[in-house]
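Reader: Before we begin, may I ask for the terms to be explained as they arise?

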Amino acid sequence: MKITVKLYAVLQVGRYREKELDFPVETKVGAVVNSLDLPSEHLDILLVNGRHVDREFLLQDGDVLSLLPMVEGG
Amino acid sequence: MRFLTDNPASEPTSVLYTRCTVDLESGCFLMEDVPCRNLEDVLGGFGRSFQMLAERDIQSAYVEENPLIINVGLLTGSHAMTGMRTYFSGYSPIKQSKKGLPAAMWSAGSGKFGAKLKWTGLDELVIENRSEQPVYIVIRETGDRPEVTLKPADHLLGMTTHGKIMALQEQYDDAHFAAIGPAGENWQNVYAGAVALSTVNQLKSKQDKVRFAGRGGMGSLMGYKNVLAMVAQSSDKLGRTPEPIKKANINVIKGGGSARLQPIKRGGGGGTWAAYDVLQAFHAVPVNNFRPQGNDLPERLFRTKVEQQYEIKSEACYRCGITCHNNIHERKADGSPGAFLAKFDYEPLNLLGTNLGLHEAAQVAALIHLCDNYGMDAITTGVTVSYVLSYNQRHPEKPLFNGASFGDYDKIHDLVKCTGLGQLPEIGHGVKRLSESTGETDYAYHVKGLEIAAYQPETNPGYCWAIAGGHMSMGTYGMLAREGKTDLDSWVAAITRDKLQIVGFDMIGLCKFFDIVNGIGTDMVVDCLAAEHGLKVTREELQAAVKRAFLRGLTLEIRQGYGKEEYCLPAEVTANPNHNITLPDLTTPEFLAELEKRVWEIFDREMQELI
Ligand code: SF4
């Protein structure tokens, strides 16, 4: 199935902003995240089609997975 | 401080702090060792100062009985990373209940002034009454007692914050400085004067890289007292860092706690600026007076865009490895950094940029620079000016002031400049008073009389219970965007228990970035207190002390006349919901009413128990 992965802020550095990737059906968010080799200290917010999910969330063909760092005050 | 016990929670009176009370009217000083009443006193900051403020009956901020309390925290000037904080407390000129009584406020800042103050041997300076003539205060380390003196300050009058610090640096070696600017000097017309705190970087480079205690108008209160600056002169006191603190410091830098704040080139997230990218994913970056439009305008101030044109230097306070300052410099032809323009932290960048319809980095930098040099709180100033622009958009036939509109840089610059010089009291008195004078209060973005931070109120009902500014005294601003929390139980628990713990950092002397998620009730802090001062304190005792201090702050608000109906978000949020924000809508009247009911059930009971 096709999943569009969007990266934000520092997660884009040295990578990309948006990419369509192929994964087997029933892939979980956690598996996609692991395959991307992102810096774990920066990855915080996981969204599928704009909604907050956790790593156990089952993706579906055509989903947009957005990966964001933490929002910080200051 | 003197510790006659290693157990400050059960024997607080065996911990003594050194306080100097300066009477500006008589010129008398009282130096005393004061026994602590409780763990909050021991921790310091607002945990101690609010107990003193609670003892006073203050009807107006500008009265002689309103003290300005300058203190530090237990870990200010310690080996613990970020231990640089200075706290300024008093009844606020800007934050006022509908009954017209001033609220107690504190404001915190980094830089090296706090550490130097602590190293003079003084833990707290209480400034009483006011001086007829402009003065500055010198606190010096001597043999065994700190020495405090008053000096005439006529020569500093009218100078910028940076100008004052540079002038004093010529006279005082091995010292750091706190100073107000023209805004604080014009306290009658500017209620949100800030206090600038010098950094090592500033004193070395002579560039105005200053930190600020900005919120609540403590610089205006200082101006009212006719104190233009303070000098803390002492030798540096840090030797070898004890092993447990070294471990904690490494954890702060490498353990993920602050990784997000560090420079991108060191593998960090680039500071609070990254909030732009994150919030924009939900169209929740404030635009044009907190009305995000669902477009990509905020992206023009993304870090990636700005660094195409400017050099961004990541810099830090003394010995701090977090390096959270993003200082923007012009780029010379050879690619090296040129003139310093301004610091780009999330709040000032947004509230003096995108939220005013300004999207050019150079223009925003000029406004931040202006606010910093005049010593004016960027949040209060930005939010009040954005109200003016919104009013003018609604009333093109009869605009306010110079008719400035969103994006009109020249006119906005004029407004900020004139405000800082005390020429526009209508803006200088903040958005609550201005909106009451126009009769259009719905789109005045304040809570309890204090302008909100750069997080959309739609995403943060916790603003209502923040006791000293929206994001610094209630850590709920990321709950919706970060955690996706939409259920009442989570919000009630966050407001009444977990996220109020953020104020612990405004007691102990550390920056929030030490561990913004967990607060000060952690093993890291426990270890630091043991290694630095030989104290045995538990996480639970720390958390309980923070909670009591918070509840005291809330109780004090109510005593100063706040009705429960004032614990509310700006009316526009519910009256005209903004559907451009793609996060779930928390601010339905039903949700807010239920939240209010449940939060007050808990806080009312706890305040009662505390009394
Ligand atoms: S976290 Fe930032 S403001 Fe705090 S001490 Fe470190 S560099 Fe200074």
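The dialogue below sets values against definitions.

Author: This is a predicted model, in which local features need pLDDT of at least 70 and side-chain atom pairs count only at pLDDT 80 or more, while totals for chains, interfaces and linings use all residues. Residues are numbered from 1 along each chain as its sequence is written, chains are lettered from A and ligands numbered from 1 in the order in which they are written, and side-chain values use heavy atoms, with hydrogens and water left out.

Reader: Why is the meeting of A:Asp44 and B:Arg482 called a salt bridge?

Author: The term requires a side-chain nitrogen of Lys or Arg within 4 Å of a carboxyl oxygen of Asp or Glu. The N to O distance between A:Asp44 and B:Arg482 is 2.5 Å, so the pair satisfies the rule. The rule finds two salt bridges across the interface of chain A and chain B.

Reader: Which residues make up the contact?

Author: Contact means heavy atoms within 4.5 Å; 18 residues of chain A and 32 residues of chain B take part.

Reader: What makes up the area buried between chain A and chain B?

Author: Buried area is the accessible area (1.4 Å probe) that two parts lose on being put together, summed over both. Here it is about 2100 Å², and carbon and sulfur atoms give 66% of it.

Reader: Why do β3(A) and β4(A) count as paired?

Author: Strands are DSSP runs (E, at least two residues), numbered from the N terminus, and two strands pair if DSSP finds at least two bridges between them. Strand β3 (residues 45-48) and β4 of chain A have two bridges, so they pair, in the antiparallel sense.

How values were computed: Helix = DSSP H or I, 4+ residues; strand = E, 2+ residues; numbered from the N terminus.
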